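Hi,

Here is the structure I promised to pass on. Have a look at it first, and then read on for what I found in it.

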Amino acid sequence: MNADALQAAIPEIFAPWIAQMGLEVQTSEPGLVSLRLPIKPDFVHVGGVMCGQTAMAAADTAMVLAMMSQLGAFKPMTTVQLQTSFLRPLSGSHATVQARVLRSGKSLAFGSIDILDEQGRLAVQATTTYALL
């Protein structure tokens, strides 16, 4: 699936609040996507940086899109595990979310997501496991 098709799928597949995050699909290759995540005031906590919940939602969403790019369409799946490490705070106007499918089998898929700050520095790293339904 190309970037335009993945972008169009966001409001169709995900909960309305995920669509309201404003994620923009920048690039797509089979098993690999890159998204622009705007850092909206609603995503920033009292410390002046983006909250971890936003990063985790963006990571989970990006991996579903990466799976779709590999499979060619949306297939039912559910998150089994999402492990997230926060390496540096995120602030500014946006972040880049890069998701890669590491392995996809008949019933399980594994992925890795990097979230980069505006300077291209790794800020969040996540790994995921999905059950393919």
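To start with a small puzzle: is Asp117 buried or exposed? Keep in mind that this is a predicted model. Asp117 turns out to be buried, because its relative accessible area is 5%, and the cut-off for buried is under 20%. It has a charged partner, too: Arg121 makes a salt bridge with Asp117, with 2.8 Å between the closest N and O atoms. Arg121 itself is partly exposed, at a relative accessible area of 40%. A search through the whole structure turns up one salt bridge, so if you want to look at charge pairing, go to Arg121 and Asp117.Now the sheet. Six strands make up an open sheet, in the order β1-β2-β4-β5-β6-β3, with antiparallel pairing. The edges are taken by β1 (24–29) and β3, each of which has a single partner strand, so one side of each has no neighbour in the sheet. From one strand to the next, the twist averages 20°.

At one edge, β1 and β2 pair in the antiparallel sense over five bridges, and Glu29 sits opposite Leu32 in β2. These two strands form a hairpin with two residues between them. Have a look at Gly31 in that turn, which has a positive phi of about 80°.

At the other edge, β3 pairs with β6, again in the antiparallel sense, over nine bridges. Ser85 stands opposite Gln125 in β6. α3 packs on the sheet and touches β1, β2, β3, β4, β5 and β6, and its direction makes about 50° with that of β4.

Two residues are handy for seeing how β3 and β6 are placed. Thr84 lies in β3 (residues 77–86) and counts as buried, at 18% relative accessibility. Setting aside neighbours within four places in sequence, Thr84 is in contact with Met56, Val124, Gln125 and Ala126. Ala126, in turn, lies in strand β6 and is buried as well, with a relative accessibility of 1%. Not counting residues up to four places away in sequence, Ala126 touches Ala59, Leu82, Gln83, Thr84, Gly111, Ser112 and Ile113. If you want a distance to check, the C-alpha atoms of Ala126 and Val64 are 13 Å apart in space, with the two positions 62 residues apart in sequence numbering.

What about Arg100: which residues does it touch? Arg100 is in strand β4, and it counts as partly exposed because its relative accessibility is 45%. Leaving out residues up to four places away in sequence, Arg100 touches Gly31, Leu32, Met63, Phe110, Gly111 and Ser112. Gly31 is the turn residue from the hairpin of β1 and β2. Pro30 is 70 residues from Arg100 along the chain, yet their C-alpha atoms are separated by 9.0 Å.

On to the helix at the start of the chain. α1 lies across β1 and β2 and runs at about 135° to β1. Which of its residues are buried? They are Ala3, Leu6, Ala9 and Ile10. These four are on the same side of α1, because they cover an arc of only 120° around the axis. The face turned away from that buried side carries the exposed residues Asp4, Pro11 and Glu12. Among what covers the buried residues of α1 are α2 (16–19), β1, β2 and α3.

Last, the inside. The largest nonpolar core has 40 residues, and the members that touch the most others are Met21, Leu37, Leu65, Leu90, Val97, Ile113 and Ile115. The elements giving two or more residues to this core are α1 (3–13), β2 (32–38), α3 (52–71), β4 (94–104), β5 (108–116) and β6 (122–132). α3 supplies the largest share, with 11 residues.

Leu65 is a good place to centre the view. Apart from its neighbours within four places in sequence, Leu65 is in contact with Leu6, Ile10, Phe14, Val25, Val33 and Leu35. Two of those names, Leu6 and Ile10, will be familiar from the buried side of α1.

Cheers

Methods:
Residues numbered from 1 in each chain as written. Predicted model: local features only at pLDDT ≥ 70, side-chain atom pairs only at ≥ 80, totals over all residues. Heavy atoms only, no water. Core = buried A, V, L, I, M, F, W, Y, C linked by side-chain atoms within 4.5 Å. Buried < 20%, exposed > 50% of the residue type's maximum accessible area, 1.4 Å probe, protein only. Contact = heavy atoms within 4.5 Å. Salt bridge = Lys/Arg side-chain N within 4 Å of Asp/Glu carboxyl O. Pairing = 2+ DSSP bridges. Axes fitted to C-alpha atoms, helices over the stretch in contact; angles between N-to-C directions. Arc of directions from axis to C-beta.
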